[in-house]
Amino acid sequence: MAMSDRLLPLAHTPERATTETAPTRAILIGIAVLFLAAILFLPLVTVFIEALRKGWGTLFESFSDPDTLAAVRLTLLVAAIAVPFNAVVGLAASWAIAKFEFRGKNLLLTLIDLPFSISPVISGLVYVLLFGAQGWLGPWLQSHDIQIIFAVPGIVLATVLVTFPFVARELIPLMQSQGTSEEEAALMLGASGWYTFFKVTLPNVKWALLYGVLLCNARAMGEFGAVSVVSGHIRGLTNTMPLHIEILYNEYNFVGAFAVASLLACLALFTLLAKSLLEWRFSGELAATARRH
């Protein structure tokens, strides 16, 4: 047997990516699990325990309060407006950035990331400076009986600004990795631009789009800082669920506060489940795309 034949099996021996011992890995995993349990799991369990402290009847009675129902409706309304708007604009911005070259492309990328860089409170103050009674456009809006600050339009605008990057930032890397070869092939075969977009581009990014929409919706319903600045905290009118939780807690209505918080927690758990399912589908889509390219 030749020396090369004797050494051949060694070439196929898998190498360990890390050299940590089993006890070291167990310690690291244990630290991560304990940290997540203390930071995430225990607070979540506490929310449900406090919400059910006086029984299911008291929990359901908390949701019969007109102000609580108004907060739930407003939260859903704001999310129903902000999320589709961000989905459409984020998809358009991602398509332009990933598929075309134009002046100001880097500036557009910077503007998309801007809400990640500034505090949500600053985002709300920007709208107060623009549309408030003493703002730049405030006198004109008052003369035309248009109210934005301390009203639903201001809450929607603040939510749109804070949640805008989530859809675009999920789509841009995927579209850039896919390139433009399929769109160019469709155009060469006589397809129109819109037909190419709906039949080629959009199906290739549908799971990333849904993933971004899911994250955007979760942030829209849970946003506190920017909405707190522009809402005015008008009970029953401009309070979303996070703001209503704060008011109930400050009034020592702990059961009511934790009841609304439990609803937000359920939405978060649903988001986590849907996120995991989309990640699973999205990873399969990425693998199929990589095989095609």
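In this short talk I will go through the helices, the nonpolar cores, the aromatic pairs and the enclosed spaces of one protein chain.

Please keep in mind from the start that what we are looking at is a predicted model. The chain contains 15 helices and zero strands, and of its 293 residues, 37% are buried. If we take the contacts in the chain with a separation of 6 or more, then 72% of them are accounted for by residues 24 or more positions apart.

Let me turn to the interior. In soluble globular proteins, nonpolar side chains tend to be buried together. In this model the largest nonpolar core has 22 residues, and the members that touch the most other members are Leu91, Leu171 and Val205. Two or more residues of this core come from each of the helices α4, α9 (165-178), α12 and α15 (254-292), and it is α12 that gives the most, with nine residues. To see what this looks like around one residue, we can follow Leu171, which, when we leave out residues up to four places away in sequence, touches Gly90, Leu91, Ser94, Val205, Ala208 and Leu209. There is also a second, separate core, made of 17 residues, and among them are Ile148, Ile155, Ala158 and Val162.

Next come the aromatic rings, which form twelve pairs in the structure. Why is the pair of Phe116 and Phe166 called edge-to-face? The ring centres of Phe116 and Phe166 are 5.5 Å apart and the planes stand at 90°, and planes over 60 degrees apart are counted in that class, so the pair is edge-to-face. This pair links distant parts of the chain, since Phe116 sits in helix α5 (residues 105-117) and Phe166 in helix α9, 50 residues apart. Are these two rings buried or exposed, or something in between? Phe166 has a relative accessibility of 16%, and because the limit for buried is under 20%, Phe166 counts as buried. Phe116, at 45%, lies between that limit and the 50% above which a residue is exposed, so Phe116 counts as partly exposed. Elsewhere, ring pairs join Trp95, Phe100, Trp194, Phe197 and Phe198 into a cluster.

Finally, let us consider the spaces, beginning with the pocket. The largest pocket has a volume of about 510 Å³, and 19 residues line it, with Leu264, Ala265, Leu267, Ala268 and Leu269 lying nearest its centre. Which helix provides the largest share of that lining? It is α15, with nine residues, while α2 (22-51), α12 and α15 each supply at least two. By class, the lining of this pocket consists of 16 nonpolar residues, two polar ones and one charged one.

As for cavities, the count comes to one of 30 Å³ or more, and the space in the largest cavity is about 30 Å³. The residues lining this cavity are Thr75, Val78, Thr159, Ala220, Met221, Glu223, Val227 and Thr240, and the elements that give two or more residues to the lining are α4 (66-99) and α12 (206-222). Here the lining divides into four nonpolar, three polar and one charged residues.

If you would like one helix to follow through the structure on your own, I would suggest α12, which gives nine residues to the largest nonpolar core, at least two to the lining of the largest pocket, and two or more to the lining of the largest cavity.

Methods: Residues are numbered from 1 along each chain as its sequence is written. This is a predicted model: local features need pLDDT of at least 70, side-chain atom pairs count only at pLDDT 80 or more; totals for chains, interfaces and linings use all residues. Side-chain values use heavy atoms; hydrogens and water are left out. On a 1 Å grid over the protein atoms alone, a cavity is a set of points where a 1.4 Å probe fits but cannot get out, and a pocket is an open set with protein on both sides within 12 Å along at least five of seven lines; lining residues have an atom within 4 Å of a point. Grid points are joined across faces, edges and corners, and a volume is the space filled by probe spheres set on the points. Helices (H or I, at least four residues) and strands (E, at least two) are DSSP runs, numbered from the N terminus. Ala, Val, Leu, Ile, Met, Phe, Trp, Tyr, Cys and Pro count as nonpolar, Asp, Glu, Lys and Arg as charged, and the others, Gly among them, as polar. A nonpolar core is a set of buried Ala, Val, Leu, Ile, Met, Phe, Trp, Tyr and Cys residues joined through side-chain atoms within 4.5 Å. Buried means under 20% relative accessible area, exposed over 50%, partly exposed in between (1.4 Å probe, protein chains only). Contact means heavy atoms within 4.5 Å. Rings of Phe, Tyr and Trp (its six-membered ring) pair if their centres lie within 6.5 Å; planes under 30 degrees apart count as stacked, over 60 as edge-to-face and the rest as tilted.
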